[in-house]
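These are my notebook entries from a first reading of one structure, set down in the order in which I looked things up.

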Amino acid sequence: MTAQPGAPSPSADRPADLLVVGAELVATVDAERRELPGGWVAITGGLVSAVGAAGDPPPRALRTVRAEGCLVTPGLVNTHHHIYQNLTRAFAPSLHGTLFQWLSTLYPLWSRLDEEAVNVSAYVGLTELALGGCTTSTDHLYVHPKGGGDLIGAEIAAACELGMRFHPTRGSMSLSQKDGGLPPDSVVQDPDEILAESARLVAAHHDPSPGAMVRIALAPCSPFSVSPELMKATAELAEQLDVRLHTHLAEDPEEDEYCLAVYGRRPIDHFAEVGWGGSRAWVAHCICPNEAEVARLGAWGTGVAHCPSSNMILGGGLAPIREFRAAGVPVGLGCDGSSSADSASLWMEARNAMLLGRLRHGSASMSAREALEIATRGGAGCLGRVGEIGELSVGAVGDLVVWPLTGVAFAGALSDPIEAWLRCGPVAARHTVVAGRLVIENGLPTHPALDEMLARHRAIASGIQAAVEDTGPLPAHA
């Protein structure tokens, strides 16, 4: 295939930096959806420099990783997350309420965030994601307590230290309880401050070049925590700076009720009214659109981050993924925050996406290949990086995962490695490679600081969870 301009290639004079060879199958998820038995992938200068099947002679390489008995896929792309929430994972008083009850319980805890808390939580959260085969992750950090410091910069520092490809989004909330919104005053900001800080972060960190490791998007939180004026101003700023937009949308029946009561229109009508209906935006959850709204999203090219585990835990409903894809909506996967999904494995999200698709539309409606495509190419579509991330083709980024298909869990799974990958298991990555560098090797993180960071994380989480009086568990759903 044609390489991107300047993409390096191995030659007699220049060996590849990394060669992954001998796979049972390489699932490229490229434009032709090639599947290569016995295949190999070469990475040079952080980009895929060659891909071949068993009969194709691989190039020389400075380092070779054997992948016998394994499936090799592109790195998985996480299109929606709140990494800081791993500091309040499975917090007992919040476990059995509705979305609005859950948020109201946790906002006071999150008001204690500072740079150290966010840096440590991002280090731990991104490591967890890498163990589950994620190589590119977004993060929607929308809680910015007064005096908390540069929280986005703190999590970018963690991603750079680990070598993960990172798309943090500058989240925001401007409507507190006194304004008719949901969050308390302690975690909202003035719109002018939000816009100024958004512009500063883009100038400081956003890299628009091919193969970029860090890109910034702008992400007002939701219709019930941000004013229409801020939504409009953010869309205008994103257009001016040429960055992407992200928000929660149509994630719960309570949101429908709120938007109808406050704005006199449904959430997706409101989304269009504030100037967000277009291909620059991708949204999280989108459980509750009607048929006409699905068609509008497809016509706009607005992406959807499907969060299967979170949607099931909060009980908001089943997102219409088959309908989205048929309408031309780019659909990716999201782990969502560790306070709602309580874990961060994109392998599990891919499996749950497959199972929920079959539950909604029958056994022929969602295959493991479709789930893999959503987790890779679909995520690339949400982030505006099709052809660059989420596939193994010459010139694409050198991000891949080596998945073991051996042992007790895969005994007898001989006929289809991709279906076995999601139907059997559970499975974690044997190797996770980002830009040609192993961040997970033989199932373990390569960065040496994890034990220290876990100890710091426990201390910080204990302080945050003890900071607010426990008023007892929320009432269960009726």
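Before I turned to open spaces I fixed the term: a pocket, as I use the word here, is an open set of grid points with protein on both sides within 12 Å along at least five of seven lines. I also noted at the outset that this is a predicted model, and I read every entry below with that in mind.

**Entry 1, the largest pocket.** I looked up the space in the largest pocket and found about 220 Å³. Its lining is made up of 13 residues, and those that lie nearest the centre are H206, R215, D242, R244 and L383. When I sorted the lining by class, I wrote down six nonpolar, three polar and four charged residues.

**Entry 2, a salt bridge at R215.** Since R215 is among the residues nearest the centre of the largest pocket, I asked myself which residue forms a salt bridge with R215. The partner is E388, and the closest N and O atoms of the two are 3.6 Å apart. I then looked up where the two residues lie: E388 is in the loop between helix 12 (368-382) and strand 16 (400-404), while R215 is in the loop between helix 4 (191-205) and strand 11 (217-220), so the pair ties together parts that are 173 residues apart in sequence. Are these two residues buried or exposed? Both E388 and R215 are buried.

**Entry 3, other salt bridges.** I counted further and found that the structure holds 21 salt bridges. One that I examined joins the side chains of R296 and D269, with 2.6 Å from N to O. This pair links distant parts of the chain, with R296 in helix 8 (residues 291-300) and D269 in helix 7 (residues 267-273), 27 residues apart. R296 has a relative accessible area of 32% and is partly exposed, and D269, at 31%, is partly exposed as well.

I also looked at K178 and D179, whose side chains meet in a salt bridge at 3.4 Å, N to O. K178 counts as exposed because its relative accessible area is 64%, where the cut-off for exposed is over 50%. D179, with a relative accessible area of 39%, is partly exposed. In addition, I noted a network of salt bridges that links E35, R369 and D416.

**Entry 4, the second largest pocket.** How much space lies in the second largest pocket? I found about 190 Å³, with a lining of 15 residues, of which H144, P145, R170, Q189 and E193 lie nearest the centre. Helix 3 (151-162) and helix 4 each supply at least two residues of this lining, and the largest share, three residues, comes from helix 4. By class, the lining of the second largest pocket holds five nonpolar, five polar and five charged residues.

**Entry 5, the cavities.** I then turned to enclosed spaces, and found five cavities of 30 Å³ or more in the structure. The largest cavity has about 120 Å³ of space, and its lining consists of 16 residues, with L99, W102, L103, H248 and E251 nearest the centre. Helix 1 (99-110) and helix 9 (308-314) each give at least two residues to the lining, and the largest share, four residues, is from helix 1. The classes in the lining of the largest cavity are eight nonpolar, six polar and two charged.

**Entry 6, helix 11.** I checked the span of helix 11 (residues 346-361), which has 16 residues and reaches 22 Å from its first C-alpha to its last, close to the 22 Å expected at 1.5 Å a residue. Which residues of helix 11 are buried? I listed L346, W347, E349, A350, N352, A353, M354, L356 and G357. To read such a list I kept in mind that an α-helix has 3.6 residues a turn, so residues three or four places apart point the same way. Just after helix 11, G362 takes a positive phi of about 105°.

**Entry 7, strands 17 to 19.** Strand 17 (residues 431-434) and strand 18 (residues 437-441) pair in the antiparallel sense over three bridges, and V434 has R437 of strand 18 as its bridge partner. These two strands form a hairpin with two residues between them, and A435 in the turn has a positive phi of about 55°.

Strand 18 also runs antiparallel to strand 19 (residues 444-445), with two bridges joining them, and here I found I440 with P445 of strand 19 as its bridge partner. The hairpin of strand 18 and strand 19 has two residues between the strands, and N442 takes a positive phi near 55° in it.

How values were computed
Residues are numbered from 1 along each chain as its sequence is written. This is a predicted model: local features need pLDDT of at least 70, side-chain atom pairs count only at pLDDT 80 or more; totals for chains, interfaces and linings use all residues. Side-chain values use heavy atoms; hydrogens and water are left out. A salt bridge is a side-chain nitrogen of Lys or Arg within 4 Å of a carboxyl oxygen of Asp or Glu. Buried means under 20% relative accessible area, exposed over 50%, partly exposed in between (1.4 Å probe, protein chains only). The expected span of a helix is 1.5 Å times one less than its number of residues. On a 1 Å grid over the protein atoms alone, a cavity is a set of points where a 1.4 Å probe fits but cannot get out, and a pocket is an open set with protein on both sides within 12 Å along at least five of seven lines; lining residues have an atom within 4 Å of a point. Grid points are joined across faces, edges and corners, and a volume is the space filled by probe spheres set on the points. Ala, Val, Leu, Ile, Met, Phe, Trp, Tyr, Cys and Pro count as nonpolar, Asp, Glu, Lys and Arg as charged, and the others, Gly among them, as polar. Two strands pair if DSSP finds at least two bridges between them.
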